[in-house]
Amino acid sequence: MPKLHITTNVNGSATEFLARPEQTLLSALRDELHLIGTKEGCGSGDCGACSIEVDGRVTCSCLMLAGEAEGKIIRTIEGVAANGQLHPVQKHFLQEAALQCGFCTPGLIIAAKNLLERNADPTETEIRFWLAGNLCRCTGYDKIIRAVQAAAAEMRQSA
Amino acid sequence: MEYVVARSIDEAVARLAAAQGAAHALAGGTDLIVQMTAGLRRPEVVVDIKNIPDLRRITRDEAGFHIGSAVCGAEINEHKELKATWPGVVEAIDVIGSMQVQSKATPAGNLCNASPAADSVPAMIAAGATVTIVGPQGRREVPVEEIPVGPGKTSLQKGEVIVAINLPPRKPRSGDAYLRFTPRTEMDIAVVGVGVNLSLDEDGTCSAARVAVGAVAPTALLVPDAGMALIGTKVDEAALEKAAAAVRAACNPIDDKRGTAEYRIRTSAVIFKRAAAEALARAKTSGR
């Protein structure tokens, strides 16, 4: 079967790539576009390590065929920092030491950023609910929650 | 495998019907793609139905709400009018998976995946929902409870695709609820799920009731005897106990890692009573 030619926008840039019909978007991002910040954890939509934004919604790139990306606006962890400045969520993940091995971190940052763009002042319960699809086996989550709260506070002040 | 983007319902049906081997409609893909990645399904063709405009809309008319089969859970949860009218159905859809899953997964896909534990299915059955199916022989409308026929198996024929879920018009003083039991609060699969939908007369007597259960039999089940036990009552403790006995009697569960059959049967009655209480409270306050 011939490869699909996919035209999309990744991290603000018009992007074209070729992918096999059965290839997931996760695989295409990593293996065709070499955007390896997006991680493969479970490959079955349970762990959230491969989280990306598609047209402003957070989703698992392992749950999406590359062909479904046609015409979509995609943001990966590589597109979260802007102009050499870390996003507040990234900055506070570092300050709060909200990571150990770091494998879940790109997905958590994408998901947390997406939450804070929708809800500037989430409760702890709302943060935990929103991030329930991002598994971390190192931190026990408390530092992650604190980092998201700190990022939210900073983003509210600068808004 | 061939990946096809259908631009119309007729094109989707034609491509699905023409396949020699396995052919699947792709809406959210949160079950299908996982099954493909795991090697459990090797379709000859996957027909993406998300670019068909009619399947991407929620509409309302005199026949009720119509949810296009490619509308994802997050979009349904953001639809205030639908959520206010059918809170139980919308909450049942909303408990499926993570936010990441909600951005893609559809209740039509939940139905077609035909898991006995599918959360949205008991709620839709209790609501009296139907699905509109289009296939090579034309269009038909079928009650939700007639779609799943066993774990992973549906009554859809080759080339048929669900294009909409239809929720009937709401009577005054009506309420619905879906509750499930899971060991964890999120990201888990139901051990028992119960949908209850009821309507009250002006004096508070139950005039209509439908009860459906999930994860306690090979398919989600409508439990007509449970609904009958509530109709004509004030949904008091005696009526609830009689209906709960009907729920227990309808269960035909298996033992698995999530719970034993005995545990599921006992829990079904507890979850039923809680769901009925919530549906009743909503019916009493609806329209205020």
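In this predicted model, the contact between the two chains draws on 24 residues of chain A and 20 residues of chain B. On the chain A side, the elements that put in two or more residues are β4 (57-60) and α4 (124-130). Of these, β4(A) supplies the largest share, with 4 residues. Sorted by class, the chain A face that touches chain B comes out as 12 nonpolar, 9 polar and 3 charged residues.

The strand β4(A) also belongs to a sheet. Chain A has an open sheet of 5 strands, running in the order β2-β1-β5-β3-β4 with mixed pairing. Its edges are β2 (13-19) and β4 of chain A, each of which pairs on one side only. From one strand to the next, the twist averages 40 degrees. So much for the overall layout; next comes the β4(A) end of the sheet. Here β3 (residues 51-54) and β4 of chain A line up antiparallel, held in register over 4 bridges. One residue pair can be picked out: A:Val54 has A:Arg57, in β4(A), as its bridge partner. A helix sits on these strands as well, since α3(A) packs on the sheet and touches both β3 and β4 of chain A. The direction of α3(A) makes about 40 degrees with that of β3(A).

Just ahead of that helix is a loop worth a look. A:Leu99 lies in it, between α2 (88-95) and α3 (105-118) of chain A. Is A:Leu99 buried or exposed? It falls in between: there are 19 other C-beta atoms within 10 Å, and because a residue needs 20 or more to count as buried, A:Leu99 is classed as partly exposed. Setting aside neighbours within four places in sequence, A:Leu99 is in contact with A:Phe93, A:Thr105 and A:Thr139. A:Leu4, by contrast, is 95 residues away along the chain, and its C-alpha atom is separated from that of A:Leu99 by 37 Å.

Turning to the partner, chain B contains 11 helices and 14 strands. Its C-alpha atoms fill a box of roughly 55 × 45 × 35 Å along the principal axes. The radius of gyration of chain B is 19 Å, which agrees with a compact globule, because one of 288 residues would have a value near 19 Å. Buried residues account for 53% of the 288 residues in chain B. Among contacts in chain B with a separation of 6 or more, 64% join residues 24 or more positions apart.

Conventions
Residues numbered from 1 in each chain as written. Chains lettered and ligands numbered in written order. Predicted model: local features only at pLDDT ≥ 70, side-chain atom pairs only at ≥ 80, totals over all residues. Contact = placed C-beta atoms within 7 Å. Nonpolar A, V, L, I, M, F, W, Y, C, P; charged D, E, K, R; others polar. Buried ≥ 20, exposed ≤ 12 C-beta atoms within 10 Å, placed from the backbone. Pairing = 2+ DSSP bridges. Axes fitted to C-alpha atoms, helices over the stretch in contact; angles between N-to-C directions. Rg over C-alpha atoms; globule rule 2.2 N^0.38 Å.
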